[in-house]
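Thank you all for coming. I would like to walk you through one structure this morning, and I will begin by putting it on the screen.

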Amino acid sequence: MTYLINGQIESICVEYQRDRHRLLDIIRSVQQKFGYISDEAIDEIARCCSIPRVEVDSTISFYGYLSKQPRGRITIRLCNDIIDRLQGMERVAAAFREVLGIDFGRTTADGNFSLEYAPCIGMCDQGPAALVNDVVVTKLTGDGAREMIRDLREHMDPHRLVRTLGDGNNAHELISAMVNNNIRQRGEVIFSEFHPGEALRKALSMSPVEVIKEIKTSRLRGRGGAGFPTGMKWEFTRGAAGPNKYVICNADEGEPGTFKDRVLLTECPEMVFEGMAIAGYAIGAEQGIVYLRGEYAYLNNYLEQVLQKLRKQGMLGARFCSTKHCFNFDIRIQMGAGAYICGEETALISSCEGLRGDPKNRPPFPAQKGYLENPTCVNNVETLCCVVRILEKGAAWFSQLGTTDSPGTKLLSISGDCRRPGVYELPFGVKLSEVLKLAGADNAAAVQVGGASGQMVGSADFHKPISYEGLATGGSIMVFGPHRNVLEIAHYFLEFFIDESCGYCTPCRVGNTLLLERLEQIIEGRGEPADLDYLQQLGQSIKALSRCGLGQTSPNPVLSTLKNFKPVYEQLVKVNPQGFRSSFDINRALEEASRITERRSVIYE
Amino acid sequence: MNDPIKLTIDGVEVEAQPGQTIIEAAGVSGIYIPRLCHYQGLKPHGSCRLCTVTVNGKPMASCTQPAGPGMIVETHTPHLQEFRRQILEMLLVEGNHFCMFCEKSGLCELQAQAYRHGITAPRYPYLFPQRSVDASHPDIWIDHNRCILCARCVRASRDLDGKNVFQFVGRGRHKQVAVNARARLADTTVNLTDRAIGICPVGALLKKRVGYQIPIGQRSYDHQSIGAEIEKSPCSASKK
């Protein structure tokens, strides 16, 4: 038996040329085949790729969707992000628990079902949602969950759960998803008429340096959130020494509340790939990688087909020539496996290399030494779409949209307490209040701008513009009505960061756990006024000392609610009238001893 | 091309060789920047963050940041010292550290850094994690309770011993050192003479049967502060 399994694992490794850098693909394939990665499988992968087994173990243990324990034939991952919670996730969770007779994190005795939670799967506009193996199920209810299990028990085929297909390409036979695009507002840049190939042809009629100059003139900045000037990034990568340069498209859309890249990949993958080819031409790269988050695996077959089509059309792969220039460029898709940190560009590169998704030390920057130590340019999905339109319509056209420091439009993913959740393409500089009006968020009391790593703002800031210099966001806008508790939301985001921290550096790994401990005390009414300073100081230190963007933004949920919703905190903290620490609860402290001795305290009871 | 780089560290103009990091350049000039994961001869890791300094006002880890021309580096402002105390206290509450019974006491770099920074008790609540001990090997044992995830053993085994006995598994709070075997250190190729053994700054990776060969009271940090060897260098004297 082991012999047979080993043979199959060996052939998977051979398929990836026994290449250590394709370890994530190898592990994913092994899990797909056997349901999990056993100790025997780890030994065999290590042997076939000639690497220490602990390296294989190290990679597996990093990613949320990889398992060393046997799992059910069907794994249900219920999205437990804050928006799904507000939409009734708890009722769905209770229904799953009830019909399956197991808790989350467990597998049914018959080995058919595993139940797990997943952080934001990019469906906030149609939650509560879940992944059933790779199949997305949206708008779940308690009854819906019960019915789903009934059906699955009959046919054990998650694909058959999709009865109504979503709009646009979601209905394409290679996607066949019930997901909806919910494009509510089409703007001038992304969702306007598009002629595939035109931008690339135009780019090839220019020199690479001219292309970079055009992007610089447009003043395009990265759409992922950090806002680094794209042209400058390309210039650095082009100027770096190294024969094999890489373009990586960051499609690891993991920021809670963001789902616009999912829509772009569904509706305009040609535009994304064309943007990558233009970037490749500009920086002198022949190879591109799309890092697709594991949650979007349902798009994989379709994207592969689009790549195939582009190769046939001569736009990818073989030598592509215009009247002036020729170049080769091809793209592969790297699937992720459930790790928010991999949206950080150097962590993403580590992941592409088959390693743990640890961010890398900088310097060197990816432009100098990125993927396999080669000069690498990592761009967001939306940024690459902007590139195409800039080449097509000109830098001057693009830069007159939006504001001086934030030219162009921005795709916003809007969800939460609003009547029209979905994707909106709006010019930069649009006021948050206008955005809320468009989305039908008449009752907004608090808005989380920029996802978990962004900031929570109150009505006093609704007049501010959405832009890099104003309210910055990679796309996520989560709306909360007056009946929501901002501290509970901050608590959720902090838990999210603790779960998603890679654990590399001390301040992020330990500091956030300490922040959470104190925040919980305050929420439970055991906090003191001095605790607010404690949160502030600890949060500031985590920001200043952490190694990467995750750690540097992880205290934001606490710091921004402390800043913008201080009265909520102040109402909860009080000085203990007897001068004792309110956080100390004598009965709680005695609980364990009482339980063990089976006696109650005569003094404190 | 290989001209020395001129930068200012704590108000003193110093010269660094191209490729040198700030922590190294400071050390040559007799300025000791506190560190835990950093170890001379190993590839910089940048994980503990204790060596954070400000470069032109911006906090950066001095073990991974190369010295650059014209940099204004501050290594010991009150703010930075406070940062360091916070990091040390985080490490002290994260694991299960018990200095008074620990055989590494007086040789432990975490303890020595805590003393250097005037820490008597951490301000943070102890997290009391559940961690394990691997005493399977006849000569060496691992106590995860005292591990600070500095990766010295990981790097030394890989880069100095050429063995890859250790590597991290898990992420976030669940990150820990694992061994290159299904479970036990005894099933690896680790050897008492490996450089990886003895490089641990704390009491996590220990040799058996030698714990008290040097009596308590006669150990390096019982007599002098950690970093004193760098601060006592001739350059440092001339500076003052």
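I will take the nonpolar cores, then the strands of chain B, and finally the cavities.

Please keep in mind throughout that this is a predicted model, and that everything I say about it is computed from that model.

Let me start with the packing. The largest nonpolar core has 158 residues, and the members that touch the most others within it are A:I45, A:W234 and A:I278. If we take A:I45 and set aside its neighbours within four places in sequence, we find it in contact with A:I9, A:C13, A:L23, A:I26, A:I27, A:V30, A:I37 and A:V56. There is also a second core, separate from that one, which comprises 41 residues, including B:L42, B:C108, B:C153 and B:A196.

Now to the strands of chain B. Strands 6, 7 and 10 make up an open sheet in the order 6-7-10, with antiparallel pairing, and its edges are strand 6, at 133–134, and strand 10, at 205–207, each of which pairs on one side only. Strand 7, residues 140–143, is joined to strand 10 by 3 bridges, and in one of these pairings B:I140 has B:K207 as its bridge partner.

Strands 8 and 9 of chain B, residues 166–169 and 176–179, also run antiparallel, and 4 bridges join them. Within this pair B:V169 stands opposite B:Q176, and the hairpin has 6 residues between its strands, with B:G170 adopting a positive phi near 75°. Which residues of strand 8 lie on each side, and are they buried or exposed? B:F166 and B:F168 are on one side, B:Q167 and B:V169 are on the other, and all four are buried, so that both faces of the strand are covered. As a reminder, in a regular strand the side chains alternate between the two faces of the sheet.

That leaves the cavities, of which the structure holds 4 at 30 Å³ or more. The largest has a volume of about 140 Å³; among the 16 residues that line it, B:C147, B:C153, B:V177, B:C200 and B:A204 lie nearest its centre. That lining divides into 14 nonpolar residues, 1 polar and 1 charged. B:C153, then, belongs both to the second core and to this lining.

The second largest cavity contains about 90 Å³ of space, and its lining includes B:H97, B:C108, B:Q111 and B:R146. By class, that lining has 7 nonpolar, 4 polar and 1 charged residues. Here B:C108 is the residue to look at, since we met it as a member of the second core.

Technical notes:
Residues numbered from 1 in each chain as written. Chains lettered and ligands numbered in written order. Predicted model: local features only at pLDDT ≥ 70, side-chain atom pairs only at ≥ 80, totals over all residues. Heavy atoms only, no water. Core = buried A, V, L, I, M, F, W, Y, C linked by side-chain atoms within 4.5 Å. Buried < 20%, exposed > 50% of the residue type's maximum accessible area, 1.4 Å probe, protein only. Contact = heavy atoms within 4.5 Å. Pairing = 2+ DSSP bridges. Helix = DSSP H or I, 4+ residues; strand = E, 2+ residues; numbered from the N terminus. 1 Å grid on protein atoms, 1.4 Å probe; cavity = no way out; pocket = protein on both sides within 12 Å on 5 of 7 lines; lining within 4 Å. Points joined across faces, edges and corners; volume = space filled by probe spheres on them. Nonpolar A, V, L, I, M, F, W, Y, C, P; charged D, E, K, R; others polar.
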